[in-house]
Amino acid sequence: MTPFIKKKEIKKDWYIINAENAAVGRLASYISKVLRGKNKPQFNPHMDNGDFVIVTNIDKIKFTGKKFSDKIYYRHTGHPGGIKETTPNKLKEKNKSPEIIKLAIKRMIPSGPLGRKQLSNCKIFPGSDHKHVAQNPV
């Protein structure tokens, strides 16, 4: 029987990931695994025992194929006929390139309060410098 880990026994580490020349989906799947804590032997699906992740160089991220111009992100305003769409190309033109990876990660973790908490442990920066040096990320 697998023992359950208690809340005060959880140790959260900080990881830094360089996203330069990385494919979006592969990067997002690895980040979501670390955020949920699936890379640890004491994984529990109902607890936030994942680690903190710092993602740098988001501006230099890559898509495979023609997804950079053809992939469409949909969202709805809540009003009738209020569907909005955008592409990764348009997001990058508006200097919202962190949104590209955030959307990919968000759709790979569970929706709900626990998933939102785990997504908040991901810090995304467009350049190579970040403000979490004091946490000594690995």
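This briefing describes the fold, the surface and selected residues of one protein chain. The model is predicted. The protein contains five helices and five strands, and its 138 residues are 39% buried. The points below proceed from the overall architecture to helix α4, the aromatic pairs, two loop residues and three residues in helix or strand positions.

**Overall architecture**

- Read from the N terminus, the secondary-structure elements follow the order β-α-β-α-β-β-α-α-α-β.
- The C-alpha trace spans about 50 × 40 × 25 Å along its principal axes.
- Among contacts between residues at least 6 apart in sequence, 65% join residues at least 24 apart.

**Surface and charge**

- The exposed area of the protein is about 8900 Å², and carbon and sulfur atoms supply 54% of that area.
- Positive side chains number 28 and negative side chains number 11. The centres of these two sets are 5 Å apart.

**Helix α4 and its cover**

- Helix α4 comprises residues 97-106, and its buried residues are S97, I100, I101, L103, A104 and I105.
- An α-helix has 3.6 residues a turn, so residues three or four places apart point the same way.
- The cover over the buried residues of α4 includes three helices, namely α1, α3 (88-93) and α5 (113-119).
- Strands β3 (73-76) and β5 (122-124) are also included in that cover.

**Aromatic pairs and a charge over a ring**

- Two aromatic pairs are found in a search of the whole structure.
- One of them is the stacked pair of W14 and F52, with 4.4 Å from centre to centre and 10° between the planes.
- This pair links distant parts of the chain, with W14 in strand β1 (residues 14-18) and F52 in strand β2, 38 residues apart.
- W14 and F52 are both buried.
- F63 and F68 form a tilted pair, with a centre-to-centre distance of 6.0 Å and an angle of 45° between the planes.
- F63 counts as buried because its relative accessibility is 17%, below the 20% limit.
- F68 counts as partly exposed because its relative accessibility is 29%, which lies between the limits of 20% and 50%.
- K12 is placed over the face of F52, at 5.3 Å from the ring centre. F52 therefore takes part in the stacked pair with W14 and also has a charge over its ring, as NZ of Lys within 6 Å of the centre and within 35 degrees of the normal is so counted.

**Loop residues with positive phi**

- Most residues other than glycine have a negative phi.
- N21 is not a glycine, yet its phi is positive, at about 60°.
- N21 belongs to the loop between β1 and α1. N21 is exposed because its relative accessible area is 55%, over the 50% limit.
- N57 also has a positive phi, near 60°, and is a residue other than glycine.
- The position of N57 is in the loop between β2 and α2 (67-70). N57 is buried because its relative accessible area is 7%, under the 20% limit.

**Residue T56 in strand β2**

- T56 lies in strand β2, which covers residues 52-56.
- T56 counts as buried because its relative accessible area is 5%, under the 20% limit.
- Apart from neighbours within four places in sequence, T56 is in contact with I16, I17, N18 and A19, among others.
- The contacts of T56 also include F125, G127, S128 and H130.

**Residue G25 in helix α1**

- G25 is located in helix α1, which covers residues 24-36.
- G25 is partly exposed because its relative accessible area is 39%, between the limits of 20% and 50%.
- G25 and F52 are 27 residues apart along the chain, and their C-alpha atoms are separated by 19 Å.

**Residue E85 in strand β4**

- E85 is placed in strand β4, which covers residues 83-86.
- Residues up to four places away in sequence aside, E85 touches I72, Y73 and Y74.
- The C-alpha atoms of E85 and K131 are separated by 32 Å, and the two residues are 46 apart along the chain.

Terms used: Residues numbered from 1 in each chain as written. Predicted model: local features only at pLDDT ≥ 70, side-chain atom pairs only at ≥ 80, totals over all residues. Heavy atoms only, no water. Helix = DSSP H or I, 4+ residues; strand = E, 2+ residues; numbered from the N terminus. Buried < 20%, exposed > 50% of the residue type's maximum accessible area, 1.4 Å probe, protein only. Contact = heavy atoms within 4.5 Å. Areas by Shrake-Rupley, 256 points an atom, 1.4 Å probe, with all protein chains shown as cover. Lys, Arg positive; Asp, Glu negative; His and termini not counted. Charge placed at Lys NZ, Arg CZ, Asp CG, Glu CD. Phe/Tyr/Trp six-rings, centres within 6.5 Å; stacked < 30°, edge-to-face > 60°.
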